[in-house]
Amino acid sequence: MAETILLTGGAGYIGSHTYLALREAGFDVLILDNFVNAKADVPARLERITGAPVAVLRGDVRDPDTLKAVFRDHRIDGVVHFAALKAVGESMDMPIDYMQTNIGGLLNLLKAMEEGGCRRLVFSSSATVYGDTRVQPIPEDHPRTATSPYAFTKLAGEQILEQLTADWAVGILRYFNPVGAHRSALIGEDPAGHPNNLVPYVAKVATGELEEIQVFGDDYDTPDGTGIRDYIHVEDLAQGHALSLRALIETGMGHTVNLGTGQGSTVLQVIEAYSAACGRALPYRIAPRRAGDVAVLTARPEQARDLLGFQATRTLDDMCRSSWAWVSGQIRNATD
Ligand code: NAD
Ligand code: UD1
């Protein structure tokens, strides 16, 4: 019988792609989401892609009773915990809300799992726990630090999980920069308002919603002077979750791994790849550096390969092409 996996935040960007990867890997999946940052039609889109009903509960991880009811009413073999608030800038304005959702929600989940007898968890962490480091590429044993309230919640989450008893199996996955969209072009990243992150911003310039890209600094110590990041296709990232769960189930042992490609790309390389994907040279101008940015952030990816058999296969061109297919499809739908 297939194992049943609970995906908190499963209607969100990474969660919805992971839903599909887990279904492809043979898991049954139950989504729990309060839809604070997800569109209401995501479950219907997942049904269109899979051709099968999608099990979704609308609920909030800040409510302990909701989580307890999930484990009372369903046999859950493992959990992937995505549900969180994730905007670094916003976390500085509302640190308590970030802690309530990201730390309080995790504690509620752990208690409900304990009572429900489920002790397998995959936790969405972030390269943000490495802080501003000059060590590149970054190995998992690099010291951790919190440079924002958001980063604090991820670091605290990791530390809470490290205190659990030995009968828990926990996978801590530190994502680098997830971008791109599902090959169906039916789901993808859909930030409300003004995007903060590079690829969603570039996508809105490509669709004509925004005028030009601002490149935050061209005087970094990198080949073209612009910042380097380790962009990873969201479908590769999603696959990492299926492998993490499989490893937890098969070995009963936890792991902490970076999920990145190990390859860095500059801002100008991203703009060039996106321009090729959408068929038009996207306008940009050089702007001052953004406060808090580091020159380079790339993963050492070997631990995920050795422990999980994980290897990202999709290129920056694949990421930009899939993003463009998704956002241009959205524009077509809106004007039909
Ligand atoms: P997202 O906002 O698209 O997904 C999060 C989902 O959680 C949303 O569907 C939202 O509605 C839901 N949610 C939020 N608060 C909730 C609550 N109280 N109860 C129930 N559901 C709630 O974000 P994402 O990019 O898919 O990120 C998923 C996870 O990965 C988050 O934990 C995030 O911190 C982490 N992460 C993301 C990135 C990134 O670049 N996207 C990088 C590193 C780590
Ligand atoms: C940011 C967060 C990080 C979070 C990650 C996930 C900060 C300081 N870091 O990472 O904690 O985990 O998002 O979503 O907010 N850039 C531009 N123009 C833009 C936007 C970005 O030039 O309009 C540049 C940045 O300077 C950087 C690169 O593009 O060099 C990537 O930026 P971004 O997509 O925001 O990701 P990070 O800063 O790596």
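# Two ligand sites and the elements around them

An oxygen atom of ligand 1 is placed 2.9 Å from an N or O atom in the side chain of Lys154. The structure is a predicted model. The protein covers 94% of the 820 Å² of accessible area that ligand 1 has on its own. A second molecule, ligand 2, is surrounded by 16 residues. The points below treat each ligand in turn, then two helix pairs, and finally two details of the backbone.

**Surroundings of ligand 1**

- There are 27 residues around ligand 1, and those that come nearest are Ile14, Asp33, Asn37, Lys86 and Tyr150.
- Sorted by class, this shell holds 13 nonpolar, nine polar and five charged residues.
- Three elements each supply at least two residues of the shell, namely helix H1 (13-24), strand S5 (120-126) and helix H6 (149-162).
- Of the shell around ligand 1, the largest share comes from S5, which provides three residues.

**Polar contacts of ligand 1**

- The side chain of Tyr150 has an N or O atom 2.7 Å from an oxygen atom of ligand 1.
- The backbone takes part as well, since a polar backbone atom of Gly12 lies 3.1 Å from an oxygen atom of ligand 1.

**Surroundings of ligand 2**

- Among the 16 residues that surround ligand 2, the closest are Leu198, Gln214, Arg229, Arg290 and Asp293.
- By class, the shell of ligand 2 consists of six nonpolar, seven polar and three charged residues.
- Strand S8 (residues 213-216) gives the most to this shell, with three residues.

**Polar contacts of ligand 2**

- A nitrogen atom of ligand 2 lies 2.7 Å from a backbone N or O atom of Gln214.
- A polar backbone atom of Phe216 is 2.8 Å from an oxygen atom of ligand 2.
- The side chain of Arg290 contributes an N or O atom that is 2.7 Å from an oxygen atom of ligand 2.
- On its own, ligand 2 has 740 Å² of accessible area, of which the protein covers 85%.

**Two pairs of helices**

- Two packed helices are described by the distance between their axes and by the angle between those axes.
- For helix H7 (residues 198-206) and helix H9 (residues 267-278), the axes come within 11 Å and cross at roughly 40°.
- Angles under 35 degrees count as roughly parallel, and those from 65 to 115 as roughly perpendicular; H7 and H9 are therefore oblique to each other.
- The crossing of H7 and H9 is right-handed.
- For helix H3 (residues 64-73) and helix H5 (residues 95-116), the axes come within 9 Å and cross at roughly 30°.
- H3 and H5 are therefore roughly parallel to each other.
- The crossing of H3 and H5 is also described as right-handed.

**Two details of the backbone**

- Most peptide bonds are trans, and most residues other than glycine have a negative phi.
- The peptide bond from Gln136 to Pro137 is cis, with omega near -10°.
- Pro137 belongs to the loop between S5 and H6, and both of these elements supply residues to the shell around ligand 1.
- Phe35 is not a glycine, although its phi is positive, at about 60°.
- The position of Phe35 is in the loop between strand S2 (28-33) and helix H2 (42-50).

Methods:
Residues numbered from 1 in each chain as written. Chains lettered and ligands numbered in written order. Predicted model: local features only at pLDDT ≥ 70, side-chain atom pairs only at ≥ 80, totals over all residues. Heavy atoms only, no water. Near = heavy atom within 4 Å. Polar contact = N/O pair within 3.5 Å; in protein donor to acceptor, adjacent residues only side chain to side chain. Areas by Shrake-Rupley, 256 points an atom, 1.4 Å probe, with all protein chains shown as cover. Helix = DSSP H or I, 4+ residues; strand = E, 2+ residues; numbered from the N terminus. Nonpolar A, V, L, I, M, F, W, Y, C, P; charged D, E, K, R; others polar. Axes fitted to C-alpha atoms, helices over the stretch in contact; angles between N-to-C directions. Parallel < 35°, antiparallel > 145°, perpendicular 65-115°, else oblique. Left-handed = near helix turned anticlockwise from the far one by under 90°.
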